[in-house]
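Open the model in your viewer and keep the sequence panel beside it. Each stop below names a selection and then says what is there.

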Amino acid sequence: MLPTITRRSYNPFYMPNLFDDDFFPVLSHRTSTSMPAVNIREDEKNYLLDLAVPGINKDDLKIDINEDVLTISSETKNESEESNNEFKRKEFSYSSFCRSFYVPENVNSDKIEARYKDGVLTTGLPKMKVEKNKITRQVKIS
């Protein structure tokens, strides 16, 4: 009799909740050997994401917002070619990354800003006041 093989489902996009339920990574997709580290900070007015991306040109960075998901990505391609009478050499390299994060409900998506300095991309997600609807009603006493 042959042994039974149990098939487990594998989700390559699963990442445990590292932060609170309102703000945590959705997806980490890696196609190069290193994934940029991210620090997430919060103050009274903003959430701040500091992404370590040394050596990447700021023009190669892309930040997208789609509903409640913020995605930071980069893709670079380099090619070089040398030729000599005795040999010919062509080299190329490719690197990319993509990091996505859920954006909390209290973030004003229209005012998200980013700046790049000394190899660190800082993305500011300004908070907005979320007003709770107060319902006033009278309760009938029976």
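Select D50 first. In this predicted model, D50 is buried, with a relative accessible area of 14%, and thus falls below the 20% cut-off for that label. The residue belongs to strand β3. Show the side chains of D50 and R41 together: a polar contact joins them at 2.7 Å. Now display what else surrounds D50. Leaving aside neighbours within four places in sequence, D50 is in contact with A37, V38, N39, R41, V120, L121 and T122.

**The four-stranded sheet**

Next, colour β2, β3, β8 and β7. In that order, these four strands form an open sheet, and the pairing is antiparallel. Which strands stand at the edges? They are β2 (38–42) and β7 (113–117). Each has a single partner strand, so one side of each is left without a neighbour in the sheet. Look along the sheet and follow the twist, which averages 15° from one strand to the next. As background, strands of a sheet pair through backbone hydrogen bonds, either parallel or antiparallel.

Zoom in on the pair β7 and β8. Five bridges connect these strands in the antiparallel sense. To see one position across the pair, select R115, which stands opposite T122 in β8.

**T123 in β8**

Move to T123, also a residue of strand β8. Is T123 buried or exposed? At 0% relative accessibility, T123 counts as buried. Select the residues that T123 touches, not counting those up to four places away in sequence: Y47, L48, L49, I63, L70, I72, I112, E113 and A114.

**From β4 through β6**

Now select strand β4, residues 61–66, together with β5. They pair in the antiparallel sense over six bridges. One place to check is K62, whose bridge partner in β5 is S73. These strands make a hairpin with two residues between them, and E67 in this hairpin takes a positive phi near 55°. Display the backbone at E67 to inspect that turn of the chain.

Keep β5 on screen and add β6. How many bridges join β5 to β6? There are 15, and the two strands run antiparallel. They too form a hairpin, here with four residues between the strands. Two partner pairs are useful for orientation: K77 has Y94 in β6 as its bridge partner, and I72 is partnered by R99 in β6.

While on β6, select S96, which is found in that strand. S96 counts as buried at 12% relative accessibility. Add S74 and draw a distance between the two C-alpha atoms: they are separated by 5.3 Å, although these positions lie 22 residues apart along the chain as a sequence separation.

**The nonpolar core**

Hide the backbone labels and turn to the side chains. The largest nonpolar core has 14 residues, and L51 and L125 are those with the most contacts inside it. Select these two leucines as a starting point, then bring in the contributing elements. Two or more residues each come from β3 (46–52), β5 (69–83), β6 (88–102) and β8 (120–126). Which element gives the largest share? It is β3, with three residues. In soluble globular proteins, nonpolar side chains tend to be buried together.

**The whole chain**

Finally, zoom out and colour by secondary structure. The protein has zero helices and eight strands, so named from DSSP runs and numbered from the N terminus. From the N terminus on, the elements run β-β-β-β-β-β-β-β. Of the 142 residues, 26% count as buried. Switch on the surface: about 12,100 Å² is exposed, with carbon and sulfur atoms supplying 47% of it. For the contacts between residues at least 6 apart in sequence, 53% join residues at least 24 apart.

Notes
Residues numbered from 1 in each chain as written. Predicted model: local features only at pLDDT ≥ 70, side-chain atom pairs only at ≥ 80, totals over all residues. Heavy atoms only, no water. Core = buried A, V, L, I, M, F, W, Y, C linked by side-chain atoms within 4.5 Å. Buried < 20%, exposed > 50% of the residue type's maximum accessible area, 1.4 Å probe, protein only. Contact = heavy atoms within 4.5 Å. Areas by Shrake-Rupley, 256 points an atom, 1.4 Å probe, with all protein chains shown as cover. Pairing = 2+ DSSP bridges. Axes fitted to C-alpha atoms, helices over the stretch in contact; angles between N-to-C directions. Polar contact = N/O pair within 3.5 Å; in protein donor to acceptor, adjacent residues only side chain to side chain.
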